[in-house]
Amino acid sequence: GKNNVINDSDKIKIKQFLLSYLTESDTKISSQLSTIASKIARHDWPDRWSDLFSHLITNLQNTTTTCLSNDSDSYIHRYTHRYMLEMTLEVLNELSSKTLSFAKSSFALLCVELFPIVVSLWNNYIDKWIHKLGLIVSDIVNKTTNYQSTTYPIDMEYLSIYLITSSTILSKLLQLGFYEISRANYLPNYFNYLTNYLPELLNYLV
């Protein structure tokens, strides 16, 4: 009924909260917050929530180099990074499930804007993931360190989450905006990253 409709003022407050409450460590709660954001985006993007993705991108880029640092705030960056990736994917999934004919050009531009940024993040994740894997393998082979007593396991856990989520986002962007992304000539760099990392990864797995 009309009494259940959220007014514009409350919507603005909710949006601000969703984009500022970034340090939730409970995955169930962060997942619920992402779902709420995606439902609002379904109705309000792009006209009434035009800065949604600019906020997501800014927060992702601001934390990508610090999410695995050893400083006292590293746990905050990890939660923030995971939450932003999760929300980005959730919103893309929600937007792709609706008829976007009215916002087709906006969505095409979004795919082109997001793709190189997420590729850069993905490249950062897999580079760190392979580096950590190499350290773990070296420690096991040389028996120099009990890697389970280091930060390696938790680092690998978060990196795996980042890597899987960003890969899913890239897959979604390619599914929704392949033509526009290919026209922007972003695909060669992505495939170069893939071919460069595959042999290195196989060295540890074979």
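**Notebook: a helical chain and one helix pair**

Entry 1. I looked up burial, and I found that 43% of the 206 residues in the chain are buried. I note that the model is a predicted one.

Entry 2. I then turned to the surface. The chain exposes about 11500 Å², and I recorded that carbon and sulfur atoms supply 53% of this area.

Entry 3. I listed the secondary structure next. The chain has 7 helices and 0 strands. Read along the sequence, I wrote the pattern down as α-α-α-α-α-α-α.

Entry 4. I checked how far apart in sequence the contacting residues lie. Among contacts with a separation of 6 or more, 78% join residues 24 or more positions apart.

Entry 5. I selected one helix pair for a detailed look. Two packed helices are described by the angle between their axes and the distance between the axes. Helix α3 covers residues 52-63 and helix α5 covers residues 104-142. Their axes come within 11 Å and cross at roughly 10 degrees. I therefore entered α3 as roughly parallel to α5, since angles under 35 degrees count as roughly parallel. I also noted that the crossing of α3 and α5 is left-handed.

Entry 6. Which residues of α3 meet α5? I found Phe53, Ile57, Leu60 and Gln61 on the α3 side. On the α5 side, I recorded Leu110, Glu113, Leu114, Ile117 and Leu121. By class, I entered 7 nonpolar residues, 1 polar residue and 1 charged residue for the contact of α3 with α5.

Methods: Residues are numbered from 1 along each chain as its sequence is written. This is a predicted model: local features need pLDDT of at least 70, side-chain atom pairs count only at pLDDT 80 or more; totals for chains, interfaces and linings use all residues. Side-chain values use heavy atoms; hydrogens and water are left out. Helices (H or I, at least four residues) and strands (E, at least two) are DSSP runs, numbered from the N terminus. Buried means under 20% relative accessible area, exposed over 50%, partly exposed in between (1.4 Å probe, protein chains only). Contact means heavy atoms within 4.5 Å. Accessible areas come from the Shrake-Rupley method with a 1.4 Å probe; for residues, only the protein chains shown count as cover. Axes are lines fitted to C-alpha atoms, for helices over the stretch in contact, and angles run from 0 to 180 degrees between N-to-C directions. Angles under 35 degrees count as roughly parallel, over 145 as roughly antiparallel, 65 to 115 as roughly perpendicular and the rest as oblique. A crossing is left-handed if the near helix is turned anticlockwise from the far one by less than a right angle, and right-handed if clockwise. Ala, Val, Leu, Ile, Met, Phe, Trp, Tyr, Cys and Pro count as nonpolar, Asp, Glu, Lys and Arg as charged, and the others, Gly among them, as polar.
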